[in-house]
Amino acid sequence: MKKNILGMMAVAAIAALASCNNASPKMDEQPAAGDSANGSGLKIAYVEVDSLMTQYEYCKDFTLVLQKKSNNARNTLNQKGQQLQNAMNSFQQKLNNNGFTSREQAESQQAAIQRQQNDLQQLQARLENELANETNTYNEGLRDSLQHFLAKYNKDKKYDLILTKQGDNILYANKRFDITADIINGLNKAYKSTFKKTEEKKEEKK
């Protein structure tokens, strides 16, 4: 499996929307309402990506789902790969010991091993594609939830610009422009509400 799929997921999805701080969000850490960046009336805020990824419940839940799928796929491929290796070893040992009664028998077993190898390669490609699709679904859900929340959030806050902050992509930012806690708290509240409604619908169908 491609090892970097989970590590890269969602960063692009939130790059133009929000970023977060490594500190846990607290309800009393609200951004200053009237701060402007340069005295010209331009109202700017930022959110830190790392905190959003680790503290937004949607991110945590979906990450667990993706990790489980990735682990299952890896275990399946390892099992199939071991079966192929055993078949190849058996064929080679039999070949070395003149265990085949005819050339045709040896070629038939060799062809079977080749088919087994082709099947393994196709399985690997299919599992990688499924994981990539799941990751895209996660990214789209994350982007949509951020866009929906920020549209409502900014009706009152009226920020002109909300930046993402990850690593050193912003070299310096005054802490008073950090709205990470506000965004995470709001997103989690909305997510829990949506999750509760989804669970209630599942119960109604039972």
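The nonpolar cores, the largest pocket and the aromatic contacts of this predicted model are described below.

In soluble globular proteins, nonpolar side chains tend to be buried together. The largest nonpolar core in the model comprises 24 residues, and the members that touch the most others are Tyr56, Tyr138, Leu142, Ile179 and Ile183. At least two residues of this core are supplied by each of strand 1 (44-48), helix 3 (49-55), helix 4 (57-96), helix 5 (103-157) and helix 6 (180-205), and the largest share, 7 residues, comes from helix 5. Separate from this assembly is a second core of 11 residues, with Leu84, Ala87, Ile113 and Leu120 among them.

The largest pocket encloses about 180 Å³ of space. Its lining is made up of Tyr56, Tyr58, Ser145, His148, Phe149, Lys152, Leu187, Ala190, Tyr191 and Thr194, and the elements that contribute two or more residues to this lining are helix 5 and helix 6. When the lining is divided by class, 6 residues are nonpolar, 3 are polar and 1 is charged. Tyr56 thus appears in two settings, as a lining residue of the largest pocket and as one of the residues that touch the most other members of the largest nonpolar core.

Aromatic contacts form a further part of the picture, with 9 aromatic pairs in the structure. In the pair of Phe91 and Phe100, the ring centres are 5.4 Å apart and the planes stand at 50 degrees, so the arrangement is tilted. Phe91 is buried, at a relative accessible area of 9%, and Phe100 is likewise buried, at 13%. For Phe149 and Tyr153, the ring centres lie 5.6 Å apart and the planes meet at 25 degrees, which falls under 30 degrees, and this pair is therefore stacked. Phe149 and Tyr153 are separated by about one helical turn, because they are 4 residues apart in helix 5, and both of these residues are buried. Phe149 also belongs to the lining of the largest pocket.

One aromatic cluster is formed by Tyr56, Tyr58, Phe62, Tyr138 and Tyr191. Among its members, Tyr56, Tyr58 and Tyr191 also line the largest pocket, whereas Tyr56 and Tyr138 are included among the residues with the most contacts to other members of the largest nonpolar core. A contact of another kind involves Lys43, which is placed over the face of Tyr159 at 4.8 Å from the ring centre.

Methods. Residues numbered from 1 in each chain as written. Predicted model: local features only at pLDDT ≥ 70, side-chain atom pairs only at ≥ 80, totals over all residues. Heavy atoms only, no water. Core = buried A, V, L, I, M, F, W, Y, C linked by side-chain atoms within 4.5 Å. Buried < 20%, exposed > 50% of the residue type's maximum accessible area, 1.4 Å probe, protein only. 1 Å grid on protein atoms, 1.4 Å probe; cavity = no way out; pocket = protein on both sides within 12 Å on 5 of 7 lines; lining within 4 Å. Points joined across faces, edges and corners; volume = space filled by probe spheres on them. Nonpolar A, V, L, I, M, F, W, Y, C, P; charged D, E, K, R; others polar. Phe/Tyr/Trp six-rings, centres within 6.5 Å; stacked < 30°, edge-to-face > 60°. Lys NZ or Arg CZ within 6 Å of the ring centre and 35° of its normal.
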